Amino acid sequence: MGENYYMEEKIEEIKKSIKPVILLYLSVIFAFAGQFFIYLKKDVSPGLILFAAGIIIFILAVKMSKKEKIIFGKSEEQQPIKTRLLLFTFVMVIAAFFRFHNLENAPIGFHRDEAKASLDSYYIMQDIQPINSQSRHPVYIGPLTDNPAMYNYPIAAIYKIIGVGIVESRAASSFLGLLAVASMYFLLYYLFGSATAFAGGILFAAMKWHVTFVRIIFHSGFSIFLLILVLYFGYRIYKERTWKDFIFWGICMGLAQHTYHAARSIPFAFAAAALFLLFRDFDFYRKNWHKMIVSVLLALIFFAPLGIF
């Protein structure tokens with residue numbers, strides 16, 4: 001009898017751990033289906049419906065996940081550190097393969113925007129003022145680049161290590177793309193635990209959309225890394241409510257504005273979430289208003305150079 005009860009208890013734990021994973025997979029399927037209709041079929045209405053359904057299912061998966069995550073009968077604390085490191089390493093190896101393999105031949109050619117972004121990075125490395133910028137260390141570079149310049153600084157730093165060239169430029173971009181995979185893994189790990197982080201990490205590591213944009217020199221590929229960090233610390237500040245998370249969220253939010261034009265929508269999305277939270281959990285504001293002020297100030301400080309420009 002005791003053994004049967006133990007088995008039933010274990011089976012129940014497994015069921016609880018699998019449900020959020022299944023919902024996560026469903027959310028990904030709906031999101032991909034939505035993009036398929038929007039971008040390939042050029043049929044926006046069903047695409048938006050499917051994409052919205054994916055978001056709703058994802059939110060349900062987050063709600064269903066427990067604070068003390070259970071992974072197939074073992075809590076995160078009970079899971080050996082070697083197992084967690086092995087899973088993370090495997091995801092990163094897969095991501096590295098898709099981002100670095102055959103860079104000298106694919107994609108073919110060297111696009112005009114790639115050439116300009118590479119030249120901007122090279123000029124910054126050489127302490128030369130990039131074309132259509134305001135200084136030798138710009139915060140924004142005008143046409144043809146027409147983007148914030150933060151992306152060019154890590155590329156310039158990598159140039160100093162591996163040299164300058166078409167393959168080297170794409171290798172630098174691919175390396176920065178790996179940071180997004182790592183941040184996605186830890187976001188999923190925090191939300192759902194290692195099983196979902198591993199599955200989602202593999203999906204993201206091989207995702208054609210992300211792989212394509214980091215195998216070329218393009219500002220938008222780097223923006224994903226900071227967007228994921230903003231989401232990660234944004235969720236943590238509500239759940240953990242520590243000074244550390246508020247500080248990091250503010251820094252990441254400010255820096256995210258220096259990546260790509262689309263990042264300008266991030267503050268509006270968080271403002272909408274904050275407004276929703278104002279009615280749902282006013283106690284959060286009452287207990288953390290001083291941390292929120294510091295966080296927003298940090299975001300403004302790190303955004304200031306671009307904002308002033």
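**Exercise 1. Find which residues of the largest nonpolar core touch the most other members.**

Solution. Start with the term: a nonpolar core is a set of buried Ala, Val, Leu, Ile, Met, Phe, Trp, Tyr and Cys residues joined through side-chain atoms within 4.5 Å. Buried means under 20% relative accessible area, exposed over 50%, partly exposed in between (1.4 Å probe, protein chains only). The largest core has 58 residues, and Val181, Phe192, Phe204, Phe222, Leu226, Ile228 and Val230 touch the most other members. Helix H6 (residues 166-192) gives this core its largest share, 14 residues. Helices (H or I, at least four residues) and strands (E, at least two) are DSSP runs, numbered from the N terminus.

Next, take Phe204. Leaving out residues up to four places away in sequence, its contacts (heavy atoms within 4.5 Å) include Val181, Ile224 and Ile228. Arg99 and His210 are also among them.

The model is predicted: local features need pLDDT of at least 70, side-chain atom pairs count only at pLDDT 80 or more, and totals for chains, interfaces and linings use all residues. Residues are numbered from 1 along each chain as its sequence is written, and side-chain values use heavy atoms, with hydrogens and water left out.

**Exercise 2. Decide whether Ser121 is buried or exposed, then list what it touches.**

Solution. First, place Ser121: helix H4 (residues 112-125). Second, read its relative accessible area, which is 0%, so Ser121 is buried. Third, look at its side chain: a polar atom there lies 3.0 Å from the backbone oxygen of Ala117. Fourth, skip residues up to four places away in sequence; Ser121 then touches Asn152, Ile155, Ala156 and Tyr159.

**Exercise 3. Locate the cis peptide bonds at Pro107 and Leu144.**

Solution. Begin with the background: most residues other than glycine have a negative phi, and most peptide bonds are trans. The bond from Ala106 to Pro107 is cis, with omega near 0 degrees. Pro107 sits in the loop between helix H3 (81-100) and H4. The bond from Pro143 to Leu144 is cis too, with omega near 5 degrees. Leu144 is in the loop between strand S3 (140-141) and strand S4 (147-148).

**Exercise 4. Place Asp127 and Asn132, and give the phi of each.**

Solution. Asp127 is in the loop between H4 and S3. Its phi is positive, about 60 degrees, although Asp127 is not a glycine. Asn132 lies in the loop between H4 and S3. Phi of Asn132 is positive, near 60 degrees. Now check exposure. Asp127 is partly exposed at 33% relative accessible area; Asn132 is partly exposed at 46%.

Key:
A polar contact is a pair of N or O atoms within 3.5 Å; within protein, one must be able to donate a hydrogen and the other to accept it, and residues adjacent in sequence count only if both atoms are side-chain atoms.
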